[in-house]
Amino acid sequence: MRENGKSPGFAYIAEHIFAPIYPVIANHIVAESGIKSGTCLDLGCGIASLGISIAQITEMRIYGVDLSREMCRLSQEKALHHRISDKVVPLIADVHVLPFQNGCADLIVSRGSVFFWNDLPAAFNEIARVLAPGGQAWIGGGFGTKELREQISEKMAAINPQWQSNSKERLSPENQKVIEEAAEQTELFCHTVRDDSGFWVVLSK
């Protein structure tokens with residue numbers, strides 16, 4: 001898995017190690033929200049694995065939003081590979097200043113990105129602004145199931161010995177509280193879904 005002594009990059013990890021979690025998460029979010037059509041934003045999408053998984057089981061148009069031009073390029077390649085490039089639009093943009101009109105997004109998802117946002121209140125205010133009435137936003141770091149989290153933790157520990165402690169810190173109750181507080185200041189209805197796989201802060205408009 002290592003090349004010239006270096007750990008594999010994010011795209012490889014997302015595609016080959018984390019890949020099993022995205023269909024599980026997508027199915028859960030769609031089932032819980034009941035949202036199957038309209039516009040979906042995948043924020044901090046990386047190679048848009050979650051957005052593409054949602055596109056595969058709904059009629060939604062997905063915008064894969066990421067600051068990295070390379071991630072957006074890889075998102076487009078992945079969508080082409082899965083023959084759904086007509087439903088997935090990569091977009092270089094910042095979660096803190098989203099280039100979307102008010103109330104345009106029926107569903108917003110973001111897995112793993114929230115832990116790297118520089119200004120949580122600003123980001124959540126943008127999410128609240130672009131979320132459509134009746135829409136939901138699922139922001140967090142779940143792994144789908146406890147078993148998938150354990151499998152990925154074992155594989156990632158072999159690549160990076162610090163990964164497990166870093167992951168535990170990101171998914172800690174203390175970090176969850178900070179994210180919840182940023183979400184609650186939007187004045188939207190918020191609740192948290194937490195289990196052995198991680199947590200999601202869910203905003204409803």
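Q: Where does D94 sit, and why is D94 called partly exposed?
A: In this predicted model, D94 is in the loop between β3 and β4. Its relative accessibility is 28%, and partly exposed covers the range between under 20% (buried) and over 50% (exposed), so that's the label D94 gets. As for the loop's reach, D94 and C104 are 10 residues apart in sequence and 17 Å apart in space, C-alpha to C-alpha.

Q: What makes Y63 and F100 an edge-to-face aromatic pair?
A: Two checks. Their ring centres are 5.5 Å apart, and the limit for pairing is within 6.5 Å. Their planes make 75 degrees, and over 60 counts as edge-to-face. Y63 belongs to strand β2 (residues 61-66) while F100 is in the loop between β3 (88-92) and β4 (105-111), so the pair ties together parts 37 residues apart in sequence.

Q: Which of these labels fits F100, buried or exposed, and why?
A: Buried: F100 has 13% relative accessibility, and the cut-off is under 20%. Y63, at 22%, counts as partly exposed.

Q: How do you know that F143 and W163 are edge-to-face?
A: The centres are 6.2 Å apart and the planes stand at 90 degrees; the rule asks for within 6.5 Å and over 60 degrees, so the pair qualifies. F143 is in the loop between β5 (131-140) and α6, and W163 is in helix α7 (residues 163-170), so the contact joins parts 20 residues apart in sequence. Both residues are buried, and ring pairs link them with F18 into a cluster.

Q: Why do K78 and E15 count as a salt bridge?
A: Their N to O distance is 2.7 Å, and the requirement is within 4 Å, so they pass. K78 is in helix α4 (residues 69-81) and E15 in helix α1 (residues 10-16), 63 residues apart. K78 is buried at 13%, whereas E15 is partly exposed at 31%.

Q: What makes E70, R73 and E77 a network?
A: Salt bridges link them, with R73 taking part in both contacts: R73 to E70 at 2.6 Å, and E77 to R73 at 2.4 Å. Each distance falls within the 4 Å limit. R73 and E70 are three residues apart in helix α4, and E77 and R73 are four residues apart there.

Q: What makes E147 fit into a negative surface patch?
A: E147 has a relative accessible area of 46%, and patch members need over 30% and no salt bridge. Together with E150, D195 and D196, E147 forms the patch. E147 is placed in helix α6 (residues 146-159).

Notes: Residues are numbered from 1 along each chain as its sequence is written. This is a predicted model: local features need pLDDT of at least 70, side-chain atom pairs count only at pLDDT 80 or more; totals for chains, interfaces and linings use all residues. Side-chain values use heavy atoms; hydrogens and water are left out. Patches are made of residues with over 30% relative accessible area and no salt bridge: like charges are joined within 9 Å, nonpolar side chains (Val, Leu, Ile, Met, Phe, Trp, Tyr) within 5 Å. Accessible areas come from the Shrake-Rupley method with a 1.4 Å probe; for residues, only the protein chains shown count as cover. A salt bridge is a side-chain nitrogen of Lys or Arg within 4 Å of a carboxyl oxygen of Asp or Glu. Lys and Arg count as positive and Asp and Glu as negative; His and the chain ends are not counted. The place of a charge is taken as NZ of Lys, CZ of Arg, CG of Asp or CD of Glu. Helices (H or I, at least four residues) and strands (E, at least two) are DSSP runs, numbered from the N terminus. Buried means under 20% relative accessible area, exposed over 50%, partly exposed in between (1.4 Å probe, protein chains only). Rings of Phe, Tyr and Trp (its six-membered ring) pair if their centres lie within 6.5 Å; planes under 30 degrees apart count as stacked, over 60 as edge-to-face and the rest as tilted.
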